[in-house]
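Please open the structure in your viewer and keep the selection tool at hand. The tour proceeds by selecting residues in turn and reading what is found at each stop.

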Amino acid sequence: MVFRKPPDGGWGWVIVVVSFFTQFLCYGSPLAVGVLYLEWLDAFGEGKGKTAWVGSLANGIGLLASPVCSICVSSFGARPVAIFSGFMVAGGLMMSSFAPNIYFLYVSYGIVVGLGCGLLYTATVTITCQYFDKRRGLALGLISTGSSVGLFIYAALQRELIELYGLDGCLLIVGALSLNILACGSLMRPLESLHSPPPEKACVDKVPDQYFVYHEKEKTVEENISILEKGYIDEKCTNTVPDCKQDSISNKNVLSSINVNEKDTYKKKVVEQTNFCKQLAKRKWQLYLTYWKETMVLFKNKVFSALFVAILLFDIGGFPPSLLMEDVARSANINEDDYYMPLISIIGIMTTVGKLILGILADFKWVNTLYLYVTTLLMTGVALFAIPFAKSYLTLAMLSGILGFLTGNWSIFPYVTTKTVGIEKLTHAYGILMFFAGLGNSLGPPIVGWFYDWTQEYDTAFYFSGFCVLLGGFLLLLAALPCWNACTNQSSKLPPNTYSYKVASNA
C-alpha cells in the first residue's frame, strides 16, 4: 500500500472525530470500572486484590496484545479491525451481565473487552498518525481525550444505571451503547495513493495461486506447462533482472523437453512445486527473523530501552488510582454529604484537559517532548506519595485532579515514540511499548489490592506506586541527558533539543 503525504486536514478531521468517539465508547466503562469494582466486591465477596484483576485485565490485556494488534492493523487495515473490535467490546460487556462469579468476569470483561479496546486503540492511533504530520500532536491529543471524556461521563452514568436497573442492567445498556463503534469504524477510510499502482507481489507470494491449477484434472498438459513456465521465468526475473531474457529462452528450451511423456511432465511439475513451497517457507521464516532483528536493533537505542522501562513502571504505579480511588475514599470514612462529585469523574475531566494541553505543547518546536514526558512522570510520583496524607474529600479531589492532568501524558506518548524511532517503525515500536504498558496496567491494581489485604491500609501501597513512577522517570531522564553527545561522532551536528530523537531514529 502506497500512502499519500499526510494531508494534515481534510478527511483527517473526520478521522479525528470518529476516533474520538471510538475511544469514548470503548474505554468509557473500562476506565470507570472503579464504580463497578465496588459492586463486584459486594456481589462476590472476594478480596480487593482478587477483584481488582477484572479492571486491570480490561485495561491491560489490550496493551499486552499490542504486538498482535499492530500486526492485525497492518495486515487488515484500521477500518475492518475497528468494526470487528466493536462487536468484541459490545459482546464482552453484555456477557458480563450474566457473570455467575469473578472468574467469568476475568474472561468476559477482562479479556474480551480488554482485547477489543486494544485493537481499537491501535487502529485509531495508527490511522491518525497516517493522516497528520505537522499537527500530529494536536490530533493525537484530541482523539485521546475521547477515553478521558468517556471516563468522566461513564463514571456518573454507570452509577446512575446501577441505581435504576442494577449491575446487570447497567452492563447490558453500556454494551448496547458500544455498538455505535461500528458506525465510527466504517468512516475510517484508509489513506491510499490513487495514482500510484500498488506494488506487485513477489513471485514467491504468488506460488500458491500459480500452482493450484495442477490439482485441476480438467487442465491440459500444455496449459500446465505454460503456467509452470510463466512462474519459473517470473522467479528468475525477480532474482536476476539483467539476465532475464537469456534465462527465459533457456527455460523455454528446458520446459519444452519435458513433453517426452506425461509422466515425466507431471513429475517435473511436482518437483518444481515442492521447490517453490520450500522457498515460500524459507521466505516466511526470514520475515520472522527480520522482525526479531529489528526488535533487537530498537533495544540497542538507550532512549527506547529506557522508555519501555519507564512506561512499565509508570503503569504499575500510576494506573491504580483511577481504579481504586473510590475505595480509598470509602476506606478514609469520608462523609457522603461532602462527596460532591465522584473522584473518578474528576480524574476523567482533568485527564481530558491534560491531554489537550500536553498535545498542544508537543507541537511547539521549542518544546522537547521527551523532557515534557519525563516531567509528567516525576510529578506523578510526587502526587502518589501525597495520597496517604489525604484524609478529606477536598485533598483527595485535588490529588485526583493533579493525577488526572498528568495522566494526560498518554496523548504525547505516541508523539514521543514517533520522534524516537521514526514513523516507519512506529507500529513495530509502539506495539512493543504498549505490551509493557499493558503488563504494568495488569499488575498495578492487584499489587495495590494485595498490599491492602496484607496491611489493611493503602499507605504502603501508594508509597510503592510513587517509588515505581519516580524510578522510571529518573531512568528515562538519565538516558536522554545531552551529556551522552560526547560519546558519539554526531554530537557536533545535532542540536541539543533533538539529540536523543536523532540518535534513536538512526537505530
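**First stop: helices H5 and H7**

Select Ser-96, which belongs to helix H5, the run of residues 78–96. The model in view is a predicted one. Is Ser-96 buried or exposed? Its relative accessibility is 3%, so Ser-96 counts as buried.

Add Leu-172 to the selection. Along the chain, Ser-96 and Leu-172 are 76 residues apart, yet their C-alpha atoms are separated by 8.3 Å. Leu-172 is found in helix H7. With a relative accessibility of 35%, Leu-172 counts as partly exposed.

Now select Met-94 and keep Leu-172 in view. How far apart are the C-alpha atoms of Leu-172 and Met-94? The separation is 4.8 Å, although their positions lie 78 residues apart along the chain.

**Second stop: the largest cavity**

Helix H7 also leads to the next stop, for it provides 4 residues, the largest share, to the lining of the largest cavity. A general remark may help at this point. Rolling a probe the size of a water molecule over the atoms shows where empty space is left.

How many cavities of 30 Å³ or more does a search of the whole structure find? There are 4. The largest cavity holds about 460 Å³ of space. To find its centre, select Leu-31, Phe-319, Lys-355, Thr-407 and Trp-410, the closest to that point among the 25 lining residues.

Next, colour the elements that each give two or more residues to this lining; among them are helix H1 (11–31), helix H3 (48–64), helix H13 (302–318) and helix H19 (426–455). By type, the lining residues divide into 12 nonpolar, 11 polar and 2 charged.

Why does the largest cavity lie between domain 1 and domain 2? Colour residues 1–192 as domain 1 and residues 301–483 as domain 2: both give residues to the lining, so the cavity lies between them.

**Third stop: aromatic rings**

A pair of aromatic rings is described by the distance of the centres and the angle of the planes. In the whole structure, 14 aromatic pairs are found.

Begin with Tyr-103 and Tyr-106. The centres of these two rings are 5.8 Å apart and the planes stand at 90°, so the pair is edge-to-face. Both residues belong to helix H6 (residues 102–131), and because they are 3 residues apart there, about one helical turn separates them. Tyr-103 has a relative accessibility of 47% and therefore counts as partly exposed. For Tyr-106 the value is 16%, so Tyr-106 counts as buried.

Proceed to Phe-389 and Tyr-463. Their ring centres are 6.5 Å apart and their planes meet at 55°, so this pair is tilted. Where in the chain do the two partners lie? Phe-389 is in the loop between helix H16 (369–386) and H17, whereas Tyr-463 is in helix H20 (residues 459–480); the pair links distant parts of the chain, 74 residues apart. Phe-389 counts as exposed, at 63% relative accessibility, while Tyr-463 is partly exposed, with a relative accessible area of 33%. Add Phe-385 to the selection: Phe-385, Phe-389 and Tyr-463 form one aromatic cluster.

One further ring deserves a selection. Show Trp-11 together with Arg-189, whose charged end sits over the ring of Trp-11, 4.2 Å from the ring centre.

**Final stop: two more pairs**

Select Asn-301, in the loop between helix H12 (262–299) and H13. At 5% relative accessibility, the residue counts as buried. Then add Thr-420: it is 119 residues away from Asn-301 along the chain, and the two C-alpha atoms are separated by 9.1 Å.

Finally, select Val-68 in helix H4 (residues 66–76). Is Val-68 buried or exposed? Its relative accessible area is 51%, so Val-68 is exposed. Which distance separates Val-68 from Phe-435 in space? Computed along the sequence they are 367 residues apart, but from C-alpha to C-alpha the distance is 9.6 Å.

Note on methods: Residues are numbered from 1 along each chain as its sequence is written. This is a predicted model: local features need pLDDT of at least 70, side-chain atom pairs count only at pLDDT 80 or more; totals for chains, interfaces and linings use all residues. Side-chain values use heavy atoms; hydrogens and water are left out. On a 1 Å grid over the protein atoms alone, a cavity is a set of points where a 1.4 Å probe fits but cannot get out, and a pocket is an open set with protein on both sides within 12 Å along at least five of seven lines; lining residues have an atom within 4 Å of a point. Grid points are joined across faces, edges and corners, and a volume is the space filled by probe spheres set on the points. Ala, Val, Leu, Ile, Met, Phe, Trp, Tyr, Cys and Pro count as nonpolar, Asp, Glu, Lys and Arg as charged, and the others, Gly among them, as polar. Domain bounds come from an automatic or database domain assignment. Rings of Phe, Tyr and Trp (its six-membered ring) pair if their centres lie within 6.5 Å; planes under 30 degrees apart count as stacked, over 60 as edge-to-face and the rest as tilted. Buried means under 20% relative accessible area, exposed over 50%, partly exposed in between (1.4 Å probe, protein chains only). A charge sits over a ring if NZ of Lys or CZ of Arg is within 6 Å of the ring centre and within 35 degrees of the ring normal.
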